[in-house]
Amino acid sequence: MVEEQEWVEEERRLKRVEALLQERIGELEPLVGGLREQASELRKRFWEEVTVNASTPEDFEETFYSIRQQEALLSERERSHQLRRRQWNSLKRLAPSPYFGRIDVQEAGQSGEEAIYIGVASLLGTDEMSFLIYDWRTPVAGMYYDYSPGPCAYETPGGERIEGTMKRKRQYRIRDGRLLDVFDTGVTIGDELLQQVLGQDADNRMRSIVATIQREQNAIIRDDHSRLLVVQGAAGSGKTSAALQRIAYLLYKHRDRLRADQIVLFSPNPLFNSYVSTVLPELGEENMQQTTFQEYLEYGLGKQWRMEDPFDQMEYLLTAVGEPGHEARLAGIRYKASEAYLEALQGYADRLAAEGMCFLDLRLDGRVLIGADEMAARFYAGDASVRLPNRIALLREWLLRRLRQLERKEREASWVEEELDYLDKDQYDAVSGELLRKYRRDRPVFDFTTEYLEAYGELEGTEQGEAEVFDFAEQEEELLRKLIVHAKFKPLRRQVKRLAFVDAAGLYARIFTEETSYRTLTGAAGVPGHWPEICAQTLEKLEQGGLFHEDATPFLYLKELVEGVRTNTEVRHLFVDEGQDYSAFQYRFLRRLFPRARMTVLGDFGQAIFAQSTNLNEADSPLLRLYGEADTRIIELLRSYRSTREIVEFTRALLPGGEGIIPFDRSGGKPCVVRRTGAGERNAAIAADLAALEAAGFGSVAVITKTAAESREALEALANEGREDLRLVTKETLAFEKGTVVIPAYLAKGIEFDAVLIYNASPAVYGRESERKLFYTACTRAMHRLLLYMDGGWTPLLDGVSAELYESR
Ligand SMILES: Nc1ncnc2c1ncn2[C@@H]1O[C@H](COP(=O)(O)OP(=O)(O)OP(=O)(O)O)[C@@H](O)[C@H]1O
């Protein structure tokens with residue numbers, strides 16, 4: 001707290017700022033409403049104000065200018081409405097808590113010092129020159145996060161370095177215009193304030209953290225130079241928070257050339273999307289585009305594949321341990337995630353330039369019209385130096401031409417005759433009537449035959465009029481034949497245009513059938529262990545029209561090597577959250593997909609629960625190779641903010657190397673290990689604890705299970721204990737809501753709860769070393785309370801944890 005005199009001054013200043021804010025809001029309010037009405041009125045009356053007359057060239061010109069003038073007026077109104085509205089919005093956002101920080105800085109060579117107040121938007125004084133509040137994203141405000149009192153510096157937008165001395169650093173807590181606290185702070189940004197913020201209950205939405213951004217987080221937010229920024233951060237260290245503030249920063253800094261839709265965030269699941277969706281709007285920015293990798297795969301591969309999603313893959317791996325084929329599947333997943341496999345596919349595609357392309361027959365009612373062999377012959381007769389996708393495009397053009405020829409021939413086929421007979425009168429009339437109408441339009445029809453000939457000639461591509469006089473009925477039949485065949489060939493043409501004549505599945509399947517040729521592809525690296533079994537599993541799945549999750553990206557990649565690459569050059573910034581869950585293969589894929597984007601990857605290898613995970617910051621991480629070390633920056637976050645000190649001390653003991661994780665000093669009870677005999681007693685204990693936690697005011701509580709199957713089991717068991725109100729979260733759940741939920745660990749990733757109850761921490765559930773990270777991920781979701789239940793023995797994963805770090809009951 002500060003001296004009384006200073007408090008009075010701060011209050012006085014706050015009042016002044018507030019008065020100004022209210023005045024500005026009052027001035028803008030009618031304008032914002034008024035302009036919007038004017039613009040919408042103008043839009044409604046757009047055509048009334050325009051004189052439309054096209055009788056003479058002069059009239060036409062006048063009409064043209066009249067439209068242009070209206071258009072210009074409208075867009076000017078709309079622009080100024082948008083600008084005013086933005087100003088008004090930011091003033092409204094400032095009003096309840098205009099600023100949260102202040103630094104007093106004396107620039108080198110200047111005598112006086114300036115008090116720089118920092119808030120979520122800027123506010124100019126009445127002179128329109130001086131800043132009463134600086135937006136937290138301005139360069140000068142950056143010093144607030146980067147320095148403690150003493151020498152400081154910042155870089156102007158022009159790149160000039162300004163040095164000075166920070167004389168004071170102060171924090172405020174202002175709510176609804178009332179000054180609640182003022183702290184002068186030293187090294188870190190107000191531990192007191194952070195204590196208060198972190199001590200609050202979990203929201204059903206992520207919160208903005210601008211007032212308490214820590215120095216190491218600020219480095220992530222304001223990194224302007226790296227092509228690839230990798231953040232390896234412990235659970236709860238603020239990676240997702242920093243990513244969202246970074247997006248807000250980028251949108252502010254590059255506001256004249258970067259739009260929110262040019263930023264894409266890949267998130268772990270749809271539920272997470274809803275969890276983070278309010279942060280940017282709270283900061284006055286639009287949300288970026290959000291997607292999951294799975295969504296992209298579905299878009300890229302279309303609907304014809306029954307694609308396994310990552311959660312089903314995870315369920316299989318967790319539940320089928322020890323079953324035949326499990327190990328091979330795991331080996332397959334790891335191999336298919338690797339750069340070696342990506343390179344093998346490239347080699348395979350290169351070889352296809354000379355031989356081995358697979359095509360699919362084009363068939364009409366089961367009859368081969370153009371055979372795969374014919375296509376292959378045509379394909380390989382072409383110039384071998386032309387790139388594969390271009391050769392496919394040439395083949396496509398050839399196929400379309402061939403189809404046109406075949407279509408013409410087909411008109412004489414007997415099935416057409418039959419179809420003609422089956423045309424009912426209505427269809428008949430409709431078809432011929434439609435045609436005739438088309439060609440008679442705007443013209444009085446005196447000579448039926450001439451009309452007909454014209455239409456016919458046009459369709460045939462021949463000159464009309466040369467032919468002798470036709471019998472109409474005969475011609476009509478010919479025309480109908482043409483239409484019938486044309487309609488019949490339509491799906492074939494569409495198929496060809498969509499390149500469906502390329503047998504992508506066959507090409508992919510080949511890799512798993514020809515071991516010898518495959519070995520030559522992989523060179524010295526050879527194929528992974530369990531190869532014959534991996535082949536059998538993959539082929540079986542493909543034959544069923546399915547695709548394992550681990551095959552989806554490689555399959556799409558191979559398809560694109562052959563058919564042409566899809567890229568998105570609009571996107572400028574790509575954010576990958578839970579980055580440890582992406583494979584080296586997927587990173588290479590993403591880089592190719594967004595060639596003009598900078599990438600920010602945030603993750604925690606301690607939470608690498610998927611089999612294809614990537615270690616983000618180890619010495620030979622594939623991420624370092626992605627853009628090269630010179631263009632890559634790695635930042636490590638070790639301080640964990642989410643959980644109490646006791647929870648962090650407990651959870652870090654679960655991880656080898658976890659000692660490096662530093663808890664933020666916020667106290668709560670120790671984690672509690674509850675041991676009961678038998679599932680019935682365990683469930684009763686959970687139900688009783690849930691009631692106690694809710695009664696204690698914890699609004700967001702999660703019973704975390706290992707799998708979806710266990711979640712269903714828990715839901716039923718707890719319902720039998722009288723808790724029929726619990727909500728089950730599944731991979732289909734789209735919106736995150738407060739309350740008490742039952743959720744599998746892998747869906748709780750990235751999300752937090754006031755209290756977490758580990759449904760069953762017995763060895764039968766968490767018995768394997770490979771489940772350590774999943775267990776760790778589940779436990780680290782807790783902010784204030786962590787309880788673990790077991791019947792019978794302990795999970796061996798707790799063996800290394802000192803008994804001092806938890807309570808037993
Ligand atoms: N500087 C900060 N000030 C206030 N709160 C913070 C700060 N940094 C992080 N937090 C809070 O800590 C919690 C964890 O943050 P976040 O979810 O961003 O961490 P994470 O590293 O993405 O975690 P995980 O990897 O476990 O999902 C959130 O409640 C967040 O608001």
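Is helix 26 (residues 645-652) largely enclosed by the rest of the structure or left open, and why? Keep that in mind as you start the tour of this predicted model.

**Stop 1: helix 26**

Select residues 645-652. Here is the answer: helix 26 is largely enclosed by the rest of the structure, because 7 of its 8 residues are buried. Colour the buried ones: Glu 646, Ile 647, Val 648, Glu 649, Phe 650, Thr 651 and Arg 652. Now show what they pack against, which is strand 18 (639-640), strand 19 (662-663), helix 29 (772-779) and strand 25 (782-791).

**Stop 2: the largest nonpolar core**

In general, nonpolar side chains tend to be buried together in soluble globular proteins. The largest nonpolar core in this model has 171 residues. Select Ile 118, Ile 704, Val 756, Leu 757, Ile 758 and Tyr 789, the members that touch the most others. Helix 7 gives the most to this core, with 8 residues.

Next, centre your view on Ile 758. Leaving aside neighbours within four places in sequence, Ile 758 is in contact with Ile 704, Ala 778, Cys 779, Leu 788 and Tyr 789.

**Stop 3: Lys 706**

From Ile 758, move to Lys 706. These two residues are 52 apart in sequence, and their C-alpha atoms are 8.7 Å apart in space. Lys 706 is found in the loop between strand 21 (700-705) and helix 28 (708-720). Is Lys 706 buried or exposed? Lys 706 is buried, because 23 other C-beta atoms lie within 10 Å, and 20 are enough to count as buried. Not counting residues up to four places away in sequence, Lys 706 touches Leu 318, Pro 744, Ala 745, Val 765, Tyr 766 and Leu 774.

**Stop 4: the ligand**

Now select the ligand and the 23 residues around it. Which of them come nearest? They are Thr 212, Gly 238, Lys 239, Thr 240 and Ser 241. Helix 5 (191-199) and helix 7 (239-253) each supply at least two residues of this shell. Try colouring the shell by class: you will find 7 nonpolar, 11 polar and 5 charged residues.

**Stop 5: two loops with a positive phi**

As background, most residues other than glycine have a negative phi. Select Asp 176, which is not a glycine yet has a positive phi of about 45 degrees. Asp 176 sits in the loop between strand 6 (161-175) and strand 7 (178-184). Asp 176 counts as exposed because it has 8 C-beta neighbours inside 10 Å.

Then jump to Glu 578, which has a positive phi of about 55 degrees and is not a glycine either. Glu 578 lies in the loop between strand 15 (573-577) and helix 24 (584-593). With 25 C-beta neighbours inside 10 Å, Glu 578 counts as buried.

**Stop 6: domains 2 and 6**

Zoom out and colour domain 2 (99-222) and domain 6 (658-808), which are among the domains in the assignment. Their centres, taken over C-alpha atoms, are 38 Å apart. The contact takes 6 residues from domain 2 and 12 residues from domain 6. On the side of domain 2 that touches domain 6, there are 2 nonpolar, 3 polar and 1 charged residues.

**Last stop: confidence**

Finish by colouring by pLDDT. The mean for the protein is 85, and 88% of its residues reach 70 or more. Select residues 442-449, where the pLDDT is below 50 and the model has 6 contacts beyond near neighbours in sequence. Residues 462-470 also have a pLDDT below 50, with 12 such contacts. For the complex, the predictor gives an ipTM of 0.98 and a pTM of 0.85.

Terms used: Residues are numbered from 1 along each chain as its sequence is written. This is a predicted model: local features need pLDDT of at least 70, side-chain atom pairs count only at pLDDT 80 or more; totals for chains, interfaces and linings use all residues. A residue is near a molecule or strand if its C-beta atom, placed from the backbone, lies within 6 Å of it. Helices (H or I, at least four residues) and strands (E, at least two) are DSSP runs, numbered from the N terminus. Ala, Val, Leu, Ile, Met, Phe, Trp, Tyr, Cys and Pro count as nonpolar, Asp, Glu, Lys and Arg as charged, and the others, Gly among them, as polar. A residue is buried if 20 or more other C-beta atoms lie within 10 Å of its own, exposed if 12 or fewer, and partly exposed in between; C-beta atoms are placed from the backbone. Two residues are in contact if their C-beta atoms, placed from the backbone, lie within 7 Å. Domain bounds come from an automatic or database domain assignment. pLDDT is the predictor's confidence in each residue, from 0 to 100. A nonpolar core is a set of buried Ala, Val, Leu, Ile, Met, Phe, Trp, Tyr and Cys residues joined through C-beta atoms within 7 Å.
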